[in-house]
Amino acid sequence: MTAQYMARSAYAGTAAPTRTDRGAEYEAFARCTHALTAAQAGKCGYPALVQALHDNRRLWTALAADVSKEENGLPVPLRAGIFYLAEFTLHHSRRVLAGEADTAALVDVNTAIMRGLRGSEVPR
C-alpha cells in the first residue's frame, strides 16, 4: 500500500450510513411487522406465526421496560400510551395464538408507531 492510498482510505466515507435511534427502532418495527404480515397470510406456516408473535412481544416488552424507567425522557402521557400499547400487544398476541384473533390489530399498531417514528421530533 502506498501512503497516498492509505491517506485516501483514512478520509473516505464509511460504507454503511450511521443509523439514528429512531432509525433503529423503525427497522425493528418494520422487521416485526413484515414477519407478522407474512405469517398471517399463511406464507410461512404456524411456526413462523409463533416466531413473529414472539419477536413482536419481545420488542414491545423492551419498550415497556424502557418507558417505565424514571429517567426516560419522553413525556409522561406518551410513556403511559406506549406502556398501554405494550400491554395490548401482549394480550392480543395470546388471542392470536389461541386462534381467537388475527395479527391485523398488531400490524396496525406497529404501522402507526412506524409512522410516528418517521414523523417529526417527539415534543417534550
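**Exercise 1. Work out whether Thr103 is buried or exposed, and what surrounds it.**

Step 1. Take the accessibility. Thr103 has 2% relative accessibility, so Thr103 counts as buried. Buried means under 20% relative accessible area, exposed means over 50%, and partly exposed lies in between, with a 1.4 Å probe and protein chains only.

Step 2. Note the source of the coordinates. This is a predicted model, where local features need pLDDT of at least 70, side-chain atom pairs count only at pLDDT 80 or more, and totals for chains, interfaces and linings use all residues. Residues are numbered from 1 along each chain as its sequence is written, and side-chain values use heavy atoms, with hydrogens and water left out.

Step 3. Place the residue. Thr103 sits in the loop between H4 and H5. Helices (H or I, at least four residues) and strands (E, at least two) are DSSP runs, numbered from the N terminus.

Step 4. List the partners. Setting aside residues up to four places away in sequence, Thr103 touches Leu36, Gln40, Leu49, Leu53 and Val96. Contact means heavy atoms within 4.5 Å.

**Exercise 2. Find which residues are in contact with Leu49, leaving aside neighbours within four places in sequence.**

Step 1. Leu49 belongs to helix H3. Leu49 counts as buried, at 11% relative accessibility.

Step 2. Beyond those neighbours, Leu49 is in contact with Ala39, Gln40, Val96 and Thr103.

Step 3. Check two distances. Leu49 and Leu36 are 13 residues apart in sequence and 6.7 Å apart in space, C-alpha to C-alpha. For Ala38 and Leu49, the separation is eleven residues in sequence and 8.3 Å in space, again C-alpha to C-alpha.

Step 4. Follow Ala38. Ala38 lies in helix H2. Its relative accessible area is 14%, so Ala38 is buried. With neighbours within four places in sequence left aside, Ala38 is in contact with Lys43 and Cys44.

**Exercise 3. Describe the chain: how many helices and strands are there?**

Step 1. The protein chain has five helices and zero strands. Along the sequence, the pattern reads α-α-α-α-α.

Step 2. Of its 124 residues, 27% count as buried.

Step 3. Now the contacts in the chain with a separation of 6 or more. Residues 24 or more positions apart account for 63% of them.

**Exercise 4. Determine how H2 and H5 cross, and at what angle.**

Step 1. Helix H2 covers residues 21-40, and its axis comes within 9 Å of that of H5, crossing at roughly 155°. Axes are lines fitted to C-alpha atoms, for helices over the stretch in contact, and angles run from 0 to 180 degrees between N-to-C directions.

Step 2. H2 and H5 are therefore roughly antiparallel to each other. Angles under 35 degrees count as roughly parallel, over 145 as roughly antiparallel, 65 to 115 as roughly perpendicular and the rest as oblique.

Step 3. The H2 and H5 crossing is left-handed. Left-handed means the near helix is turned anticlockwise from the far one by less than a right angle; clockwise gives right-handed.

Step 4. Sort the contact residues of H2 with H5. They divide into ten nonpolar, five polar and three charged. Ala, Val, Leu, Ile, Met, Phe, Trp, Tyr, Cys and Pro count as nonpolar, Asp, Glu, Lys and Arg as charged, and the others, Gly among them, as polar.

**Exercise 5. Do the same for H3 and H5: what is their packing angle?**

Step 1. H3 (residues 46-67) and H5 (residues 104-118) pack at about 45°, with axes 12 Å apart. That makes H3 oblique to H5.

Step 2. The crossing of H3 past H5 is left-handed.

Step 3. From H3, Leu53, Asn56 and Trp60 meet Leu106, Val109, Asn110 and Ile113 of H5. This contact holds five nonpolar residues, two polar and no charged.

Step 4. Look at Asn56, in helix H3. Asn56 counts as buried, at 0% relative accessibility. Not counting residues up to four places away in sequence, Asn56 touches Cys32, Leu36, Thr89, Leu106 and Asn110.

**Exercise 6. Identify which residues have the most contacts inside the largest nonpolar core.**

Step 1. This core has 14 residues, and those with the most contacts inside it are Phe29, Leu59, Trp60, Leu63 and Ile82. A nonpolar core is a set of buried Ala, Val, Leu, Ile, Met, Phe, Trp, Tyr and Cys residues joined through side-chain atoms within 4.5 Å.

Step 2. H2, H3, helix H4 (76-97) and H5 each supply at least two residues of this core. H3 gives the most, with five residues.

Step 3. Another core, of eight residues, lies apart from it; among them are Ala39, Ala52, Leu106 and Val107.
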